[in-house]
Amino acid sequence: MAQKILTYNNAEFNLSYTINNAQAGKKPLVILHGWGASKHLMQQAFKGTFKDFTHYYIDLPGFGNSKTPPFALKTYDYAEILRLMLESLHLDSTKISIIGHSFGGKVATLLNPKILILLSSAGIPTQKSFKVRAKIAFTKLLNQIAPPLSKNLKNLLRSKDVQNMDETMYQTFKNVVDEDFSNIFKNFQNPCFIFWGREDLATPLSSGERIHALILDSKFFPLDGDHFFFLKQAKEIEKIYQKYQGK
């Protein structure tokens, strides 16, 4: 594990990363985790696969061993920070392959890689459940009529994804959670491999089908499993990728 200190928007960012399978002549493969996860999870899944590549695992700002950002970020900020990170590693994001899971899929798409591999990517908004919509409405009402009570209850009212997060990461979550990346997917012009868990409840299969319809040069592969299907399907993902890459 190593650290890089970068400057973005006049602020300092400390990012943790690991490079595996580094040998001369091997192509680079950047592997990005989703919200609330870390590079460790992605290493756990892919360390023994894609052996023709040098693997770059990076903790996004605020996750794993990367420090909390100094201000709330949007997905575009994450992409720009990652672009700087890759440049510091002598990599051009537009000339390499990138795997992105969930939130990491949105970041990966903005980096415009030569080959994009999406794993149950975020970016297609879905209808919230009645329970979630009721909680949002109740929170807004409390903010208006009883701000002190709302402040005391805020952790109970937050989703499980952000409970006990500091305020910077909570604001970051609010910035990115409901983004509609439809136009960004539509404008992506390079080859894209889309893998999805058939039983995914966090980003439903219909979201993968929608992304496939939006990205002209894309292939869609539903696989058994939930939002973290790739933990058991990494070798199958590699096998399918190699088949369609003519290897």
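Q: Why is Phe 71 called partly exposed?
A: Its relative accessible area is 26%. Buried means under 20%, and exposed means over 50%. The value for Phe 71 lies in between, so Phe 71 counts as partly exposed. This is a predicted model.

Q: Where is the place of Phe 71?
A: Phe 71 sits in the loop between strand S4 (53-58) and H2.

Q: Which residues is Phe 71 in contact with, leaving aside its neighbours within four places in sequence?
A: They are Tyr 8, Asn 9, Ala 11, Phe 13 and Thr 168. Gln 171 is 100 residues from Phe 71 along the chain, yet their C-alpha atoms are separated by 8.9 Å.

Q: What makes Ile 215 buried?
A: Its relative accessible area is 1%. The cut-off for buried is under 20%. The value of 1% falls under that cut-off, so Ile 215 is buried.

Q: Where is Ile 215 found?
A: Ile 215 belongs to the loop between helix H8 (205-214) and strand S8 (218-223).

Q: How do you know that Ile 215 is in contact with residues beyond its neighbours within four places in sequence?
A: Contact means heavy atoms within 4.5 Å. Leu 118, Phe 185, Phe 188, Asn 190 and Cys 192 are in contact with Ile 215. Asn 190 is 25 residues from Ile 215 in sequence, and the two are 8.5 Å apart, C-alpha to C-alpha.

Q: Why does Ser 38 count as buried?
A: Ser 38 has a relative accessibility of 17%. Buried needs a value under 20%. Ser 38 meets that, so the label is buried. Ser 38 lies in the loop between S3 and H1. Not counting residues up to four places away in sequence, Ser 38 touches His 33, Asp 59 and Gly 64.

Q: What makes H1 oblique to H9?
A: Helix H1 (residues 39-46) and helix H9 (residues 230-244) pack at about 45°. Under 35 degrees would be roughly parallel, and 65 to 115 would be roughly perpendicular. The angle of about 45° fits neither range, so H1 is oblique to H9. The two axes are 8 Å apart, and the crossing is right-handed.

Q: Which residues make the contact of H1 and H9?
A: H1 brings Leu 41, Met 42, Gln 44, Ala 45 and Phe 46. H9 brings Phe 230, Leu 231, Ala 234 and Ile 237. These residues divide into 8 nonpolar, 1 polar and no charged.

Q: At what angle do the axes of helix H2 and H3 cross?
A: The axes of H2 (residues 75-88) and H3 cross at roughly 65° and come within 9 Å. This crossing is right-handed.

Q: Which residues of H2 and H3 meet?
A: Thr 75, Tyr 76, Tyr 78, Ala 79, Leu 82 and Arg 83 are on the H2 side. Phe 103, Lys 106, Val 107 and Leu 110 are on the H3 side. The residues of this contact divide into 7 nonpolar, 1 polar and 2 charged.

Q: In what order do the 8 strands form an open sheet?
A: The order is S1-S2-S4-S3-S5-S6-S7-S8, with mixed pairing.

Q: Why do S1 and S8 stand at the edges?
A: Strand S1 (2-8) and S8 each have a single partner strand, so one side of each is left without a neighbour in the sheet. Neighbouring strands of this sheet are turned by 20° against each other on average, direction ignored.

Q: How do you know that strand S3 and strand S5 pair?
A: A pair needs at least two bridges. S3 (residues 27-32) and S5 (residues 97-101) have 4 bridges, in the parallel sense. Val 30 stands opposite Ile 98 in S5.

Q: Which strands does helix H3 lie across?
A: H3 (residues 103-110) lies across S3, S5 and strand S6 (115-119), and runs at about 150° to S5. Over 145 counts as roughly antiparallel. H3 is roughly antiparallel to S5 by that cut-off.

Q: Which strands does H8 lie across?
A: H8 lies across S6, strand S7 (192-197) and S8. H8 runs at about 170° to S7.

Q: What makes Asn 21 partly exposed?
A: Its relative accessible area is 29%. That is neither under 20% nor over 50%, so Asn 21 is partly exposed. Asn 21 lies in the loop between strand S2 (11-20) and S3. Its phi is positive, about 65°, although Asn 21 is not a glycine.

Conventions. Residues numbered from 1 in each chain as written. Predicted model: local features only at pLDDT ≥ 70, side-chain atom pairs only at ≥ 80, totals over all residues. Heavy atoms only, no water. Axes fitted to C-alpha atoms, helices over the stretch in contact; angles between N-to-C directions. Helix = DSSP H or I, 4+ residues; strand = E, 2+ residues; numbered from the N terminus. Left-handed = near helix turned anticlockwise from the far one by under 90°. Nonpolar A, V, L, I, M, F, W, Y, C, P; charged D, E, K, R; others polar. Buried < 20%, exposed > 50% of the residue type's maximum accessible area, 1.4 Å probe, protein only.
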